[in-house]
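Please open the model in your viewer and keep the selection tool at hand. The tour below proceeds one selection at a time.

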Amino acid sequence: MLKDIDSYDRKILDCLATDARMSITELSRKVGLSKNPVTLRVKALEAAGIITGYRAILSTQQLGLSHVSFVEVKLTDTRDTALREFNDAVKAVPEVSECHMIAGNFDYLLKVRTASMEDYREVMGRKISSLPHVQATSTFVVMEAVVEQTNPPLPDL
């Protein structure tokens, strides 16, 4: 479907990624098409799975969740069953905002968001370290977020 995206679809995606609450009237004005074609295009982008939903972006600062750590996790076992067990268990840790399987010297990279270093220590000690098959972890504390995108960049047409 990506090859079928034209400049109007790109403008729609850019606008909605910036402000998903934008009315169809405002979106039509910004895109340069009337409301009916814009509505049809939005529905087509949704049906194609390019737009997967709409949500509010919450301020981690205002919610008191400004402490971010990245955690390298090495497992004792990387066979399918162990990976599934780890994957299922890590999804149940609400402080883990991202979890990525990595090809390299460790197996997973977690992004952990908490209110403080003390809270992080608690999450690490009680939750992350006790996840199935965890052999070792290494933590990197974020000092400053330089780039933090909520949507992926759109590829060039």
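Which residues does T114 touch, not counting residues up to four places away in sequence? In this predicted model, select T114 and display its surroundings, where you will find contacts with G64, L65, S66, H67, E95, D119, Y120 and V123. T114 itself lies in strand β3, which covers residues 108-114, and it is buried, with a relative accessible area of 3%. A polar atom of the T114 side chain lies 3.1 Å from the backbone oxygen of S116.

From that contact list, select L65 next, which is placed in the loop between α3 (35-47) and β1 (67-75) and counts as partly exposed at 31% relative accessibility. Adding L58 and L63 to the selection shows a nonpolar surface patch, in which these two and L65 together have about 290 Å² of accessible area.

Return to strand β3 and select K111 together with E148, whose closest N and O atoms are 2.7 Å apart in a salt bridge; K111 is buried, at 10% relative accessible area, whereas E148 is partly exposed, at 47%. E148 also forms a salt bridge with R113, at 3.0 Å between the closest N and O atoms. Because E148 lies in the segment after β4 and R113 in strand β3, this pair ties together parts that are 35 residues apart in sequence.

Finally, select R41 and D9, where the side chains meet in a salt bridge of 2.9 Å, N to O, linking helix α3 with helix α1 (residues 7-18). R41 is partly exposed, at 22% relative accessibility, while D9 is buried, at 7%. Add D6 to see the network of salt bridges that links D6, D9 and R41.

Definitions and conventions: Residues numbered from 1 in each chain as written. Predicted model: local features only at pLDDT ≥ 70, side-chain atom pairs only at ≥ 80, totals over all residues. Heavy atoms only, no water. Patch = residues over 30% accessible without salt bridge, like charges linked within 9 Å, V, L, I, M, F, W, Y side chains within 5 Å. Areas by Shrake-Rupley, 256 points an atom, 1.4 Å probe, with all protein chains shown as cover. Salt bridge = Lys/Arg side-chain N within 4 Å of Asp/Glu carboxyl O. Helix = DSSP H or I, 4+ residues; strand = E, 2+ residues; numbered from the N terminus. Buried < 20%, exposed > 50% of the residue type's maximum accessible area, 1.4 Å probe, protein only. Polar contact = N/O pair within 3.5 Å; in protein donor to acceptor, adjacent residues only side chain to side chain. Contact = heavy atoms within 4.5 Å.
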